[in-house]
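Work through the exercises below with the sequence and the model open. Each task is followed by a solution in steps.

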Amino acid sequence: MNLSRRSFLASGIAASLYTSSARRALSQSPSADAGYRETRKAVGYARWVDPFIGTGGHGHTYPGATVPFGMVQLSPDTFDSTWDWCSGYHISDDSLMGFSHTHLSGTGIGDMMDFLVAPRLGDVRWVPGTRDNPGAGYRSRFRHEDEVAEPGYYSVLLQNSKIFVELTASARAGMHRYTFPTEGDRHLLVDLAHVYGGPERSEAASLSVVGKDTLLGGRTVAGWANGRLLYFAMKFSRPFQRIDILADGIPWTGDRGHAKGRELKCAVHFDPGNEPVLVKTGISAVNEQNALANLEHEMPAWEFDELRAEALQAWETELGKIQVEGGTPSERRIFYTSLYHTMLAPTLFSDVDGRYRGMDGEVHQLETGANNYSTFSLWDTYRAAHPLYTLFQPERVPDFVNCLIRMGEQSPVGMPVWPLQGKETQCMTGYHSSVVIAEALEKGFGGIDTQRAYKVLRQQATESRYRGLDQYRNCGYVACDLSKDSIGESMDYAYNDYAVAHIARSAGADRDAEYLLRRSRNYRVLYDRSVGFIRPRVADGSWSSPFAANEMGYSRNWRDYTESNPWTATFSVQGDVDGLAEMLGGRKALEEKLDGIFSASSDLPPNAPLDIAGLVGQYAHGNEPGHHIAYLYMYTGSPEKTQRRVASLLKTMYTDQPDGLAGNEDCGQMSAWYVMSAMGLYMVDPVSTVYVLGSPLFDSVRIDMGAGKSLTIKAHRKSPTDTGIQSARLNGRPQTRLWFRHEEVRAGGEIVLEMGGSSNPALGMRAEDLPPPQTL
């Protein structure tokens, strides 16, 4: 089944409405607790990261332990269903189910939460209980003031049992440390039926007991990534006294060495003692033995504190690649937490021996030194997260791109759209893997096979029938009476054509490139001059009706706009801004239209979904399609409007509280917009390699771009309210343009901006100083 985030939201929103208890929890956030700060180990840049930012409201982030781009995300689960618990955790809760090893960061659809461990004292309880009555099961109450979270570490004191829980992680494994009170039957409940969406999504599971200290197993899940398969190896620091197994609600009486069932659980009992019980778990999509090999390679010993320090140092290294000076403490917390969020996905999805499970369900072997990844929220992250990676994670870019190419070769669906653990979720519109690949090639990244990339992308662009692509090729648009998300698909396919055209040119297929570039202008057939907006068309070519500029679509069966409406869709022309201006009547008309979206009434239609957030007029910052809109003023010769608007959005759409995000974090995109904008750079069109200047938030930002290259952006201002650029210099040379190509940025050096209360009208306003035309 094809899901959009909004169809998923509609199915469960009633249970996830924000309550007064959630607001009380926010007021008790650890970020305001002095003891919380005293227990953290982080220094340097990591001290500014608060993993609780985004765990409230609709941010959908998790606070647990992971390393940059790690395969394991070891985190508490407070609930396993409904929209605001897509990450498994929400700050409004005061009880938790346990601690599982995989989580999604900021998504609008849930999955994962694999291999839950719940520490217990007393009698074994096989069901979790409810949030209203946690004592009916293995749930535990907790207080937010007893939680500690920092990069690579999480801890909490469980109120019922007084068990102190600590979690840390490596790339492919997680370690737990449970300090029990001296009295009581100590056991760990391992629940293999625990999964987002409830145990009914568990299709099959297996569990083997090896000796007195090891469990091996795996399971298949019918979730969002339907049919995904994951294995684990779990070791205990102490031999267990006994183990009880429950299979499909019945005590297992078969072979004690190997149990099977749809819903498997086990209780691992330990003798009394004063020593903590440590658990380490490796995971793999290949098999149990690979999970064990991952575990033994990354966690050969039981040194929890050493592992915690290593995880923290890994984060410090990556966070330190972007160094800011100035700003308030709150702004630094937002910035470095945002930077942290951009490194929670994509996630590693290959083992220490280089094997991984591909999109075809088969096990493949990587070349030496290569990695495979999962969790590509491409519809979101192509906009700012992937451009950010090309600046401060350049060594990972070829791995990301080659992974997307392999997925396109292996997947029965074609090019990746939203791949998760070897499965294509088909979530959202377009196939923006094309944009990520094109950006990397246009920016000159090596180690990418251009011919191989173009082969799979050409097939997608010219032959695939995926979600209305054949309609788009034949008619120039996807018909709204035949397909859902017709505007979203049509506009995205046009931009995908633009991206594939650039890849075709790089591959030497010049004729294909020219054809695809022409076809990328198909968006024009959806512009209705009589209303002044992009608008759905039916299969016979007529316009859908009735029409309203704030609508989501004309049909009651589905929506035509994808997290968007006619206002936002009209500006969704990232690959042809000059053409957009021409369509609207010129640059002045584009400027006036931009004024219109920010000044329009924020009224929404009665059937509007609840995930529309961060409204300024009809601009919705909480939904990614609008993220480039404030920067379109740069193409009209009115840069001061970009500077003022971006400065305002930085101040109003983000806070350092748990509900500090305007919408879903979406695997780093919501945060990447903040990071890029706070630095003063943004890409309206990543394929063009052009960065436009906005309004830097900090006095100085230094980006370590690797290979001995760094870029420093300095903003000299007399007052924090000085958001306008008065003058710009690149390596000492005065500039009249307010944009730079990637090759100029990548060369390193210094951009110095003199800021004032308004912009210098001599900068970025003349035709020759506007960002260049978007051609091949």
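**Exercise 1. Unusual backbone geometry**

Locate Pro546 and Pro346, and give the state of the peptide bond that precedes each.

Solution. Step 1: Pro546 sits in the loop between strand S27 (533–534) and helix H15 (566–570); helices (H or I, at least four residues) and strands (E, at least two) are DSSP runs, numbered from the N terminus. Step 2: the bond from Ser545 to Pro546 is cis, with omega near 0°. Step 3: Pro346 belongs to the loop between helix H6 (329–341) and strand S20 (347–348). Step 4: the bond joining Ala345 and Pro346 is cis as well, with omega about -5°. Most peptide bonds are trans.

This is a predicted model, in which local features need pLDDT of at least 70 and side-chain atom pairs count only at pLDDT 80 or more, while totals for chains, interfaces and linings use all residues. Residues are numbered from 1 along each chain as its sequence is written, and side-chain values use heavy atoms, with hydrogens and water left out.

**Exercise 2. Positive phi**

Find the phi of Met112 and of Asn731, and state whether each residue is buried or partly exposed.

Solution. Step 1: Met112, in the loop between strand S3 (98–100) and strand S4 (116–121), has a positive phi of about 75° although it is not a glycine. Step 2: its relative accessible area is 3%, so Met112 is buried (buried means under 20% relative accessible area, exposed over 50%, partly exposed in between, with a 1.4 Å probe and protein chains only). Step 3: Asn731 lies in the loop between strand S34 (724–730) and strand S35 (733–735), and its phi is near 50°, also positive. Step 4: with 39% relative accessibility, Asn731 is partly exposed. For comparison, most residues other than glycine have a negative phi.

**Exercise 3. The surroundings of helix H10**

Why is helix H10 (residues 433–442) described as largely enclosed, and which elements do its buried residues pack against?

Solution. Step 1: nine of the ten residues of H10 are buried, so the helix is largely enclosed by the rest of the structure. Step 2: among these buried residues are Ser433, Ser434, Glu439 and Ile437. Step 3: they pack against helix H7 (378–381), H8, H9, helix H11 (450–462) and H13. Step 4: for one residue in detail, Ile437 is in contact (heavy atoms within 4.5 Å) with Val401, Leu404, Ile405, Met415, Ala453, Leu457 and Ile503, leaving aside residues up to four places away in sequence. Step 5: Gly444, with a positive phi near 85°, follows H10.

**Exercise 4. The nonpolar cores**

How many residues has the largest nonpolar core, and which helix gives the largest share?

Solution. Step 1: a nonpolar core is a set of buried Ala, Val, Leu, Ile, Met, Phe, Trp, Tyr and Cys residues joined through side-chain atoms within 4.5 Å. Step 2: the largest one has 196 residues, and those with the most contacts inside it include Phe99, Phe335, Ile437 and Met679. Step 3: its largest share, eleven residues, is from helix H13 (residues 486–506). Step 4: another core of 13 residues lies apart from it, including Met175, Leu216, Leu278 and Leu295.

**Exercise 5. Packing of H11 on H13**

Describe how H11 and H13 pack, and name the residues that meet.

Solution. Step 1: the two helices pack at an angle of about 140°, with their axes 9 Å apart; axes are lines fitted to C-alpha atoms, for helices over the stretch in contact, and angles run from 0 to 180 degrees between N-to-C directions. Step 2: H11 and H13 are therefore oblique to each other (angles under 35 degrees count as roughly parallel, over 145 as roughly antiparallel, 65 to 115 as roughly perpendicular and the rest as oblique). Step 3: Thr450, Tyr454, Leu457 and Ala461 in H11 meet Asp497, Val500, Ile503, Ala504 and Ser506 in H13.

**Exercise 6. A buried glutamine**

Where is Gln393, and which residues does it touch?

Solution. Step 1: Gln393 is in the loop between helix H8 (385–392) and helix H9 (397–410). Step 2: Gln393 is buried, at 0% relative accessible area. Step 3: not counting residues up to four places away in sequence, Gln393 touches Phe69, Glu318, Lys321, Met343 and Leu388. Step 4: Gln393 and Gly706 are 313 residues apart in sequence and 8.0 Å apart in space, C-alpha to C-alpha.
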